[in-house]
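Reader: I have just opened this entry and would like to know how the labels people give it are earned. Could you walk me through it?

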Amino acid sequence: MNGRRVSLCLVLILSLLVCPGNSSSANSSPQEQRTVPPRQAALAQEKRVALFIFEGVEIIDFTGPYEVFGQAGFDVFTVAEKAAPITTYMGMKVTPQYTFENHPKPDVLLIPGGEIAAHQENPVVIRWIQENTKQAEAVLSVCTGAFFLARAGLLDGMQATTFASMIPGLHQAAPKAKVVSDKRFVDNGKIITSAGLSSGIDGSLHVVEKLLGKGWAQVVATGLEYNWDSESKYVRAALADQQLRVVTPFIRRYEREVIKHEGGVDRWTAVWKVQSDSNSSFFDSLNGYLATESKWNRQNLNDPAKSLWKFSDAKGQTWTGEAILEQVSEEKNRLVLTIRIFRS
(Lines give C-alpha, C1' and ligand atoms only; values in the text may rest on other atoms or scores of the structure.)
Protein backbone atom coordinates (compact mmCIF):
# COMPACT_ATOMS: atom_id res chain seq x y z
CA MET A 1 0.00 0.00 0.00
CA ASN A 2 2.81 2.42 0.93
CA GLY A 3 4.54 1.78 -2.42
CA ARG A 4 1.33 2.54 -4.31
CA ARG A 5 0.84 5.78 -2.37
CA VAL A 6 4.41 6.88 -3.15
CA SER A 7 3.89 6.11 -6.85
CA LEU A 8 0.65 8.07 -6.96
CA CYS A 9 2.30 11.04 -5.26
CA LEU A 10 5.17 10.96 -7.78
CA VAL A 11 2.70 10.89 -10.70
CA LEU A 12 0.82 13.85 -9.23
CA ILE A 13 3.99 15.86 -8.66
CA LEU A 14 5.24 15.14 -12.19
CA SER A 15 1.90 16.11 -13.73
CA LEU A 16 1.97 19.44 -11.92
CA LEU A 17 5.54 20.08 -13.02
CA VAL A 18 4.87 19.20 -16.66
CA CYS A 19 1.41 20.80 -16.89
CA PRO A 20 1.37 23.52 -14.25
CA GLY A 21 -1.76 25.13 -15.66
CA ASN A 22 -3.90 22.01 -15.68
CA SER A 23 -5.20 22.35 -12.14
CA SER A 24 -6.74 25.76 -12.79
CA SER A 25 -7.64 25.64 -16.51
CA ALA A 26 -10.40 23.10 -15.94
CA ASN A 27 -12.25 25.65 -13.83
CA SER A 28 -11.49 28.73 -15.93
CA SER A 29 -13.69 30.15 -18.65
CA PRO A 30 -12.61 30.58 -22.28
CA GLN A 31 -12.48 34.32 -21.64
CA GLU A 32 -10.07 33.83 -18.71
CA GLN A 33 -7.82 31.58 -20.81
CA ARG A 34 -7.76 34.05 -23.72
CA THR A 35 -4.79 36.42 -23.63
CA VAL A 36 -4.99 39.46 -25.90
CA PRO A 37 -1.55 40.69 -27.05
CA PRO A 38 -0.78 44.08 -25.44
CA ARG A 39 -0.86 46.10 -28.66
CA GLN A 40 -4.14 44.60 -29.87
CA ALA A 41 -5.59 44.83 -26.37
CA ALA A 42 -4.88 48.54 -26.21
CA LEU A 43 -6.34 49.15 -29.66
CA ALA A 44 -9.40 46.97 -29.01
CA GLN A 45 -10.23 48.61 -25.68
CA GLU A 46 -10.39 51.96 -27.45
CA LYS A 47 -13.07 50.68 -29.86
CA ARG A 48 -16.76 50.70 -28.98
CA VAL A 49 -19.23 48.55 -30.90
CA ALA A 50 -22.92 49.50 -30.80
CA LEU A 51 -25.34 46.70 -31.69
CA PHE A 52 -28.76 48.03 -32.70
CA ILE A 53 -31.60 45.81 -31.45
CA PHE A 54 -35.35 46.11 -31.98
CA GLU A 55 -38.59 44.17 -31.71
CA GLY A 56 -38.27 41.13 -33.96
CA VAL A 57 -34.49 41.31 -34.40
CA GLU A 58 -32.93 38.05 -35.65
CA ILE A 59 -30.95 36.48 -32.78
CA ILE A 60 -27.81 35.34 -34.62
CA ASP A 61 -27.61 38.63 -36.52
CA PHE A 62 -26.51 40.48 -33.39
CA THR A 63 -25.34 37.73 -31.01
CA GLY A 64 -22.87 36.26 -33.52
CA PRO A 65 -21.16 39.63 -33.99
CA TYR A 66 -21.44 40.31 -30.23
CA GLU A 67 -19.35 37.18 -29.58
CA VAL A 68 -16.79 38.06 -32.28
CA PHE A 69 -16.23 41.63 -31.13
CA GLY A 70 -16.32 40.64 -27.48
CA GLN A 71 -13.70 37.92 -27.99
CA ALA A 72 -11.58 40.45 -29.90
CA GLY A 73 -11.54 42.68 -26.82
CA PHE A 74 -13.81 45.50 -27.99
CA ASP A 75 -16.26 47.32 -25.75
CA VAL A 76 -19.56 45.91 -27.04
CA PHE A 77 -23.06 47.06 -26.05
CA THR A 78 -26.65 46.89 -27.27
CA VAL A 79 -28.70 49.96 -28.15
CA ALA A 80 -32.44 50.29 -28.72
CA GLU A 81 -34.74 53.22 -29.34
CA LYS A 82 -36.26 52.77 -25.88
CA ALA A 83 -35.12 51.21 -22.60
CA ALA A 84 -37.86 48.57 -22.38
CA PRO A 85 -36.93 44.91 -23.06
CA ILE A 86 -37.37 43.81 -26.66
CA THR A 87 -38.50 40.42 -27.97
CA THR A 88 -36.41 38.85 -30.71
CA TYR A 89 -37.75 37.05 -33.78
CA MET A 90 -37.76 33.70 -31.93
CA GLY A 91 -39.07 35.02 -28.64
CA MET A 92 -35.92 35.66 -26.61
CA LYS A 93 -36.23 38.66 -24.28
CA VAL A 94 -33.33 41.13 -24.32
CA THR A 95 -32.90 44.27 -22.22
CA PRO A 96 -30.88 46.90 -24.12
CA GLN A 97 -27.92 48.35 -22.28
CA TYR A 98 -28.44 51.82 -23.74
CA THR A 99 -30.99 53.87 -25.66
CA PHE A 100 -30.56 56.28 -28.55
CA GLU A 101 -30.34 59.08 -25.97
CA ASN A 102 -27.58 57.85 -23.67
CA HIS A 103 -25.24 55.40 -25.45
CA PRO A 104 -21.47 55.98 -25.82
CA LYS A 105 -20.13 57.13 -29.17
CA PRO A 106 -19.64 53.99 -31.32
CA ASP A 107 -16.60 53.32 -33.49
CA VAL A 108 -18.38 50.35 -35.08
CA LEU A 109 -22.10 50.30 -35.76
CA LEU A 110 -23.84 46.96 -36.31
CA ILE A 111 -27.26 46.89 -37.99
CA PRO A 112 -28.88 43.43 -37.85
CA GLY A 113 -31.92 42.14 -39.71
CA GLY A 114 -35.13 40.45 -38.72
CA GLU A 115 -38.67 41.80 -38.79
CA ILE A 116 -37.64 45.19 -40.08
CA ALA A 117 -40.74 46.44 -41.93
CA ALA A 118 -42.08 48.77 -39.25
CA HIS A 119 -38.67 49.90 -38.01
CA GLN A 120 -37.30 50.98 -41.39
CA GLU A 121 -40.27 53.31 -41.68
CA ASN A 122 -39.42 54.91 -38.33
CA PRO A 123 -37.72 58.29 -38.98
CA VAL A 124 -36.14 58.24 -35.51
CA VAL A 125 -34.35 54.99 -36.31
CA ILE A 126 -33.19 56.13 -39.74
CA ARG A 127 -31.93 59.47 -38.40
CA TRP A 128 -30.04 57.65 -35.61
CA ILE A 129 -28.34 55.38 -38.14
CA GLN A 130 -27.40 58.34 -40.35
CA GLU A 131 -25.96 60.37 -37.48
CA ASN A 132 -23.92 57.52 -36.01
CA THR A 133 -22.64 56.44 -39.40
CA LYS A 134 -20.98 59.86 -39.82
CA GLN A 135 -18.73 59.34 -36.80
CA ALA A 136 -18.20 55.55 -37.01
CA GLU A 137 -15.11 53.92 -38.52
CA ALA A 138 -17.13 50.96 -39.79
CA VAL A 139 -20.83 50.22 -40.29
CA LEU A 140 -21.78 46.57 -40.75
CA SER A 141 -25.23 45.32 -41.70
CA VAL A 142 -26.30 41.70 -41.37
CA CYS A 143 -29.00 40.03 -43.44
CA THR A 144 -31.97 42.37 -43.99
CA GLY A 145 -30.22 45.05 -41.95
CA ALA A 146 -29.06 46.26 -45.37
CA PHE A 147 -32.56 47.66 -45.90
CA PHE A 148 -32.01 50.11 -43.01
CA LEU A 149 -28.90 51.36 -44.79
CA ALA A 150 -30.79 51.59 -48.06
CA ARG A 151 -33.55 53.65 -46.44
CA ALA A 152 -30.90 55.90 -44.88
CA GLY A 153 -29.39 56.53 -48.34
CA LEU A 154 -26.11 54.90 -47.37
CA LEU A 155 -25.91 52.34 -50.18
CA ASP A 156 -26.01 54.72 -53.13
CA GLY A 157 -23.05 53.97 -55.40
CA MET A 158 -22.03 51.03 -53.17
CA GLN A 159 -21.90 47.28 -53.59
CA ALA A 160 -24.30 45.53 -51.23
CA THR A 161 -25.76 42.16 -50.34
CA THR A 162 -28.41 40.70 -48.04
CA PHE A 163 -30.36 37.53 -47.24
CA ALA A 164 -30.79 35.30 -50.31
CA SER A 165 -34.54 35.62 -50.82
CA MET A 166 -34.37 39.40 -50.29
CA ILE A 167 -31.83 40.07 -53.06
CA PRO A 168 -34.57 41.18 -55.53
CA GLY A 169 -36.09 43.42 -52.86
CA LEU A 170 -32.76 45.11 -52.19
CA HIS A 171 -32.46 45.88 -55.91
CA GLN A 172 -35.69 47.85 -55.55
CA ALA A 173 -34.86 49.42 -52.19
CA ALA A 174 -31.40 50.54 -53.31
CA PRO A 175 -31.63 51.13 -57.09
CA LYS A 176 -28.36 53.11 -57.09
CA ALA A 177 -26.43 50.26 -55.46
CA LYS A 178 -24.82 47.26 -57.13
CA VAL A 179 -26.45 44.29 -55.40
CA VAL A 180 -24.37 41.09 -55.47
CA SER A 181 -25.46 37.53 -54.66
CA ASP A 182 -22.19 35.60 -54.58
CA LYS A 183 -20.36 37.05 -51.56
CA ARG A 184 -20.78 36.51 -47.82
CA PHE A 185 -19.89 40.17 -47.23
CA VAL A 186 -19.06 43.24 -49.30
CA ASP A 187 -16.66 45.96 -48.11
CA ASN A 188 -16.99 49.50 -49.51
CA GLY A 189 -14.56 51.04 -47.03
CA LYS A 190 -16.76 52.27 -44.18
CA ILE A 191 -20.00 50.57 -45.26
CA ILE A 192 -19.94 46.77 -45.12
CA THR A 193 -22.95 44.56 -45.81
CA SER A 194 -23.13 40.83 -45.13
CA ALA A 195 -25.51 38.17 -46.39
CA GLY A 196 -27.81 36.13 -44.17
CA LEU A 197 -27.50 35.01 -40.57
CA SER A 198 -24.08 33.40 -39.97
CA SER A 199 -22.54 35.65 -42.63
CA GLY A 200 -22.59 38.36 -39.96
CA ILE A 201 -19.85 36.42 -38.15
CA ASP A 202 -17.70 36.59 -41.29
CA GLY A 203 -18.40 40.29 -41.66
CA SER A 204 -17.52 40.93 -38.02
CA LEU A 205 -14.25 39.02 -38.31
CA HIS A 206 -13.49 41.13 -41.37
CA VAL A 207 -14.02 44.30 -39.32
CA VAL A 208 -11.68 42.91 -36.65
CA GLU A 209 -9.13 42.29 -39.42
CA LYS A 210 -9.50 45.88 -40.68
CA LEU A 211 -9.00 47.39 -37.24
CA LEU A 212 -6.61 44.95 -35.50
CA GLY A 213 -5.00 42.93 -38.29
CA LYS A 214 -5.66 39.62 -39.98
CA GLY A 215 -3.63 37.62 -37.46
CA TRP A 216 -5.78 38.67 -34.55
CA ALA A 217 -8.98 38.01 -36.53
CA GLN A 218 -7.67 34.50 -37.20
CA VAL A 219 -6.94 34.02 -33.50
CA VAL A 220 -10.49 35.11 -32.62
CA ALA A 221 -11.99 32.77 -35.24
CA THR A 222 -9.93 29.87 -33.94
CA GLY A 223 -10.98 30.61 -30.38
CA LEU A 224 -14.60 30.54 -31.51
CA GLU A 225 -13.97 27.20 -33.29
CA TYR A 226 -15.23 28.90 -36.43
CA ASN A 227 -13.84 27.80 -39.80
CA TRP A 228 -13.37 31.31 -41.14
CA ASP A 229 -12.59 31.72 -44.82
CA SER A 230 -12.76 35.36 -45.85
CA GLU A 231 -13.00 34.27 -49.51
CA SER A 232 -15.70 31.65 -48.93
CA LYS A 233 -18.15 31.16 -51.79
CA TYR A 234 -20.68 29.40 -49.58
CA VAL A 235 -23.42 31.95 -50.11
CA ARG A 236 -27.07 30.92 -49.97
CA ALA A 237 -28.09 33.21 -52.83
CA ALA A 238 -25.52 31.50 -55.08
CA LEU A 239 -26.48 27.92 -54.22
CA ALA A 240 -28.44 25.85 -56.72
CA ASP A 241 -31.23 25.24 -54.22
CA GLN A 242 -32.46 28.75 -54.99
CA GLN A 243 -33.65 27.36 -58.33
CA LEU A 244 -35.77 24.81 -56.41
CA ARG A 245 -37.80 27.45 -54.60
CA VAL A 246 -40.41 27.24 -57.36
CA VAL A 247 -41.25 23.71 -56.14
CA THR A 248 -41.71 24.69 -52.48
CA PRO A 249 -45.36 25.89 -52.64
CA PHE A 250 -46.39 22.59 -54.25
CA ILE A 251 -44.59 20.40 -51.71
CA ARG A 252 -46.14 22.31 -48.82
CA ARG A 253 -49.56 21.08 -49.86
CA TYR A 254 -48.67 17.57 -48.63
CA GLU A 255 -47.69 15.90 -45.41
CA ARG A 256 -43.99 15.38 -45.96
CA GLU A 257 -40.66 14.38 -44.50
CA VAL A 258 -37.38 15.81 -45.79
CA ILE A 259 -34.93 13.01 -46.61
CA LYS A 260 -32.16 14.93 -48.38
CA HIS A 261 -31.32 18.54 -49.19
CA GLU A 262 -27.76 18.92 -50.48
CA GLY A 263 -25.66 20.24 -53.33
CA GLY A 264 -23.60 23.24 -54.39
CA VAL A 265 -23.63 26.13 -56.84
CA ASP A 266 -24.01 23.94 -59.94
CA ARG A 267 -26.37 21.18 -58.80
CA TRP A 268 -28.81 20.25 -56.06
CA THR A 269 -30.72 17.16 -54.96
CA ALA A 270 -33.85 17.27 -52.82
CA VAL A 271 -35.70 14.17 -51.65
CA TRP A 272 -39.03 14.11 -49.80
CA LYS A 273 -41.23 11.33 -48.50
CA VAL A 274 -44.81 12.45 -49.07
CA GLN A 275 -48.29 11.19 -48.19
CA SER A 276 -50.59 10.63 -51.19
CA ASP A 277 -53.38 8.22 -52.09
CA SER A 278 -52.28 7.87 -55.70
CA ASN A 279 -48.95 7.87 -57.48
CA SER A 280 -50.42 8.99 -60.77
CA SER A 281 -52.53 11.82 -59.40
CA PHE A 282 -49.61 13.15 -57.34
CA PHE A 283 -47.23 13.12 -60.28
CA ASP A 284 -49.81 14.59 -62.63
CA SER A 285 -50.38 17.38 -60.11
CA LEU A 286 -46.64 18.06 -59.80
CA ASN A 287 -46.09 18.15 -63.54
CA GLY A 288 -49.16 20.31 -64.06
CA TYR A 289 -47.97 22.71 -61.36
CA LEU A 290 -44.51 23.04 -62.89
CA ALA A 291 -45.98 23.55 -66.34
CA THR A 292 -48.28 26.38 -65.25
CA GLU A 293 -46.66 27.99 -62.20
CA SER A 294 -43.00 27.95 -63.24
CA LYS A 295 -40.91 28.74 -66.27
CA TRP A 296 -39.80 25.11 -66.50
CA ASN A 297 -40.40 23.44 -69.88
CA ARG A 298 -41.01 19.70 -69.90
CA GLN A 299 -38.89 17.63 -72.30
CA ASN A 300 -40.60 14.22 -72.04
CA LEU A 301 -44.35 13.57 -71.86
CA ASN A 302 -44.93 9.82 -71.59
CA ASP A 303 -42.98 8.56 -68.54
CA PRO A 304 -45.42 8.17 -65.59
CA ALA A 305 -42.65 8.18 -62.95
CA LYS A 306 -40.02 10.56 -64.33
CA SER A 307 -40.18 14.00 -65.93
CA LEU A 308 -37.35 16.02 -67.48
CA TRP A 309 -37.34 19.81 -67.66
CA LYS A 310 -35.32 22.71 -69.01
CA PHE A 311 -35.36 26.22 -67.60
CA SER A 312 -33.27 29.38 -67.40
CA ASP A 313 -32.29 31.31 -64.30
CA ALA A 314 -32.34 35.09 -63.85
CA LYS A 315 -28.90 35.37 -65.49
CA GLY A 316 -30.01 33.43 -68.56
CA GLN A 317 -28.07 30.26 -67.70
CA THR A 318 -29.74 26.99 -68.73
CA TRP A 319 -30.60 24.29 -66.18
CA THR A 320 -31.91 20.75 -66.39
CA GLY A 321 -34.45 19.47 -63.90
CA GLU A 322 -35.34 15.86 -63.17
CA ALA A 323 -38.31 14.67 -61.09
CA ILE A 324 -38.56 11.00 -60.09
CA LEU A 325 -41.39 9.36 -58.13
CA GLU A 326 -41.11 6.01 -56.34
CA GLN A 327 -43.53 4.02 -54.20
CA VAL A 328 -42.43 3.13 -50.67
CA SER A 329 -43.25 -0.58 -50.67
CA GLU A 330 -43.52 -1.08 -46.92
CA GLU A 331 -45.62 2.02 -46.26
CA LYS A 332 -49.09 2.50 -47.70
CA ASN A 333 -49.75 5.79 -49.50
CA ARG A 334 -46.16 6.92 -49.01
CA LEU A 335 -44.14 8.11 -51.98
CA VAL A 336 -40.55 9.27 -52.42
CA LEU A 337 -40.10 12.30 -54.65
CA THR A 338 -36.59 13.14 -55.85
CA ILE A 339 -35.85 16.35 -57.71
CA ARG A 340 -32.40 16.96 -59.11
CA ILE A 341 -31.31 20.09 -60.91
CA PHE A 342 -27.99 20.91 -62.55
CA ARG A 343 -26.53 23.44 -64.94
CA SER A 344 -26.80 22.20 -68.49
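Reader: Happy to start small. What makes L43 partly exposed?

Author: Good place to begin, and please keep in mind that this is a predicted model. L43 has a relative accessible area of 26%. Buried means under 20% and exposed means over 50%, so L43, at 26%, falls in between and is called partly exposed.

Reader: Where does L43 lie?

Author: L43 is part of helix α4, which covers residues 38-45. Its C-alpha atom is 8.5 Å from that of F74, a residue 31 positions away along the chain.

Reader: Why is L197 called partly exposed?

Author: The reasoning is alike: its relative accessible area is 33%, and partly exposed is the class between 20% and 50%, so L197 belongs there. L197 sits in the loop between β11 (191-194) and α9. Its phi is near 55 degrees, a positive value in a residue other than glycine.

Reader: Which loop holds N333, and what is its phi?

Author: N333 is in the loop between β16 (318-327) and β17 (334-343). Its phi is near 60 degrees, again positive in a residue other than glycine.

Reader: How do you know that α5 is roughly parallel to α9?

Author: Helix α5 (residues 59-72) packs against helix α9 (residues 199-212) at an angle of about 25 degrees, and their axes are 8 Å apart. Angles under 35 degrees count as roughly parallel, so the pair earns that label. The crossing of α5 and α9 is right-handed.

Reader: Which residues of α5 and α9 meet?

Author: From α5 come G64, P65, V68, F69 and A72, while α9 brings G200, I201, S204, L205, V207, V208 and L212. By kind, this contact has nine nonpolar residues, three polar and no charged.

Reader: What is in the largest nonpolar core?

Author: That core has 61 residues, and I111, I129, F148, L155, L170 and V208 have the most contacts inside it. Take L170: beyond its neighbours within four places in sequence, L170 touches A146, F147, A150, L155, A160, T161, T162 and V179. Another core lies apart from the largest one, with 26 residues, including Y254, V274, F282 and F311.

Reader: Why do such cores come about in general?

Author: In soluble globular proteins, nonpolar side chains tend to be buried together.

Reader: How many helices and strands does the protein have?

Author: There are twelve helices and 17 strands. Of the 344 residues, 45% are buried. Among contacts with a separation of 6 or more, 61% join residues 24 or more positions apart.

Key. Residues are numbered from 1 along each chain as its sequence is written. This is a predicted model: local features need pLDDT of at least 70, side-chain atom pairs count only at pLDDT 80 or more; totals for chains, interfaces and linings use all residues. Side-chain values use heavy atoms; hydrogens and water are left out. A nonpolar core is a set of buried Ala, Val, Leu, Ile, Met, Phe, Trp, Tyr and Cys residues joined through side-chain atoms within 4.5 Å. Buried means under 20% relative accessible area, exposed over 50%, partly exposed in between (1.4 Å probe, protein chains only). Contact means heavy atoms within 4.5 Å. Axes are lines fitted to C-alpha atoms, for helices over the stretch in contact, and angles run from 0 to 180 degrees between N-to-C directions. Helices (H or I, at least four residues) and strands (E, at least two) are DSSP runs, numbered from the N terminus. Angles under 35 degrees count as roughly parallel, over 145 as roughly antiparallel, 65 to 115 as roughly perpendicular and the rest as oblique. A crossing is left-handed if the near helix is turned anticlockwise from the far one by less than a right angle, and right-handed if clockwise. Ala, Val, Leu, Ile, Met, Phe, Trp, Tyr, Cys and Pro count as nonpolar, Asp, Glu, Lys and Arg as charged, and the others, Gly among them, as polar.
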